[in-house]
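User: I am new to reading protein models and would like a close look at one part of this one. Could you take me through the cysteines, and then go on to the residues and the cavity that you find worth describing?

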Amino acid sequence: MKSSYEGLQGKIRDLKTPVIEVFANQYPDREYTIALSNPEFTAICPKTGLPDFATINITYAPGKTCLELKSLKMYMIAYRNVGIFHEHLVNKILDDIVKACGPRRARVEIVMNPRGGITTTVIAAYQGRTS
């Protein structure tokens, strides 16, 4: 029997999103943490077509570069018309952050507003090379 979700997310890794810009970290020799939060994130439920609302929390330890916030906001706004499952969303954002700035470590947490009485929180983490 075919799942009603089949084919809805087959090419999510290839989703074209705006570039997240970076700037040079003037303290690459020091490990420190940057915490960012976007309480106004929206995307579309790929099953129902209805809007999903979330808070996205990003924590990362920069390496040679830091994320530029205006471009990060534009990146997040690009999801407003994208149908994407929560589990795929957290991993796509993490992949794009790692690709953009090559952090020492990064963590993305997505807290979706309740739908049908269920709040969903999805977390993905990246640990860079220790060498």
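Analyst: In this predicted model, Cys101 is a buried residue, because its relative accessible area is 5% and a residue counts as buried when that value is under 20%. Cys45 is buried as well, with a relative accessibility of 12%. A search for disulfides through the whole structure finds zero of them. For Cys101, the nearest cysteine sulfur is that of Cys66, and it lies 7.6 Å away; a disulfide would need the two sulfur atoms to be within 2.5 Å, so Cys101 is in no disulfide.

Cys66 also leads to another residue, since Cys66 is among the residues that Asn25 touches. Asn25 sits in the loop between β1, which covers 22-24, and β2, and with a relative accessible area of 6% Asn25 is buried. Leaving out residues up to four places away in sequence, the contacts of Asn25 are Tyr32, Pro62, Gly63, Lys64, Thr65 and Cys66. With Tyr32 there is also a polar contact, in which the two side chains come to 2.8 Å. In addition, a polar atom of the Asn25 side chain is found 2.9 Å from the backbone nitrogen of Tyr27.

From that loop we can move on to β2 itself, where Glu40 is located. Unlike the buried Asn25, Glu40 counts as exposed, because its relative accessibility is 55% and the cut-off for exposed is over 50%. Once neighbours within four places in sequence are set aside, Glu40 is in contact with Ala54 and Lys73. The C-alpha atom of Glu40 is separated by 7.0 Å from that of Phe53, although these two residues are 13 residues apart along the chain.

Glu40 and Lys73 appear together once more, this time in the lining of the largest cavity. The structure holds one cavity of 30 Å³ or more, and the space in the largest cavity is about 50 Å³. Its lining is made up of Asn38, Glu40, Phe41, Thr42, Lys73, Met76, Ile77 and Arg80. Strand β2, spanning 34-44, and helix α1, spanning 69-77, each supply at least two of these residues, and β2 gives the most, with four. By character, the lining divides into three nonpolar, two polar and three charged residues.

Technical notes
Residues numbered from 1 in each chain as written. Predicted model: local features only at pLDDT ≥ 70, side-chain atom pairs only at ≥ 80, totals over all residues. Heavy atoms only, no water. 1 Å grid on protein atoms, 1.4 Å probe; cavity = no way out; pocket = protein on both sides within 12 Å on 5 of 7 lines; lining within 4 Å. Points joined across faces, edges and corners; volume = space filled by probe spheres on them. Helix = DSSP H or I, 4+ residues; strand = E, 2+ residues; numbered from the N terminus. Nonpolar A, V, L, I, M, F, W, Y, C, P; charged D, E, K, R; others polar. Buried < 20%, exposed > 50% of the residue type's maximum accessible area, 1.4 Å probe, protein only. Polar contact = N/O pair within 3.5 Å; in protein donor to acceptor, adjacent residues only side chain to side chain. Contact = heavy atoms within 4.5 Å.
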